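I opened my notebook to get to know a structure that was new to me. Here is what I looked up, entry by entry.

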Amino acid sequence: MSNATCRTCARVMRDKSDFPRGNFSSEFCADCVDEKGCLKSRSIIRENMIKERVEKRGLSMEEAAESVDNLMKYLPMWSQQPV
Ligand SMILES: [Zn+2]
């Protein structure tokens, strides 16, 4: 068990399945890392986050995109980069 937060999508990582390949020391969640252990690109991560909000929280695409863009401004990984 852990209580980390993914640095790129802010997902709370508690269970083994939340971590890439069960690696509890990872700073990124299983959704943000590919099979080879590389961090996915910003646009792919953004799309995943939008999809998650539409599917699990019932937001519209527009609402989800706005919420993701707002969130990404505050995430350490993306805050340095222009949108
Ligand atoms: Zn993540």
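**The largest pocket**

I began with open space, and found that the largest pocket holds about 340 Å³. I kept in mind that this is a predicted model.

Next I asked how many residues line the largest pocket. I counted 15 in the lining, with R11, D31, N48, M49 and E52 lying nearest the centre of the pocket.

Which element gives the largest share of that lining? I found it to be helix α1, residues 42-57, which supplies nine residues.

I then sorted the lining of the largest pocket by character: eight residues are charged, six are nonpolar and one is polar.

**The zinc site**

I turned to the zinc ion and asked which atoms coordinate it. I noted the SG atoms of C6, C9, C29 and C32, at 2.3 to 2.4 Å.

Along the chain, I read the spacing of these zinc donors as C-x2-C-x19-C-x2-C. I placed C6 in the loop between β1 (4-5) and β2 (12-13), and C29 in the loop between β2 and α1, so this pair ties together parts that are 23 residues apart in sequence.

Why do I call the arrangement around the zinc ion tetrahedral? I looked at the angles that the four donor atoms subtend, and they run from 103 to 117°. Tetrahedral requires all angles to lie between 85 and 135 degrees, so the label fits.

Are C6 and C29 buried or exposed? I found both C6 and C29 to be buried. For C6 the relative accessibility is 2%, and because the cut-off for buried is under 20%, C6 qualifies. I also checked C9, which is buried with a relative accessible area of 11%.

With cysteines on my mind, I looked for disulfides and found zero in the structure. As a reminder to myself, a disulfide is a covalent bond between the sulfur atoms of two cysteines.

**Two serines**

I located S43 in helix α1. S43 has a relative accessible area of 46%, so I wrote it down as partly exposed. I also looked up its separation from V12: the two residues are 31 apart along the chain, and their C-alpha atoms are separated by 20 Å.

Where does S79 sit? I found S79 in the segment after α2 (61-74). S79 is partly exposed as well, with a relative accessible area of 35%. From S79 to K16 I noted 27 Å in space, C-alpha to C-alpha, and 63 residues in sequence.

Note on methods. Residues numbered from 1 in each chain as written. Predicted model: local features only at pLDDT ≥ 70, side-chain atom pairs only at ≥ 80, totals over all residues. Heavy atoms only, no water. 1 Å grid on protein atoms, 1.4 Å probe; cavity = no way out; pocket = protein on both sides within 12 Å on 5 of 7 lines; lining within 4 Å. Points joined across faces, edges and corners; volume = space filled by probe spheres on them. Helix = DSSP H or I, 4+ residues; strand = E, 2+ residues; numbered from the N terminus. Nonpolar A, V, L, I, M, F, W, Y, C, P; charged D, E, K, R; others polar. Disulfide = S-S within 2.5 Å. Buried < 20%, exposed > 50% of the residue type's maximum accessible area, 1.4 Å probe, protein only. Donors = N, O, S within 2.8 Å, 3.2 Å for Na, K, Ca; no water. Tetrahedral: all angles 85-135°; square planar, octahedral: opposite > 155°, others 65-115°.
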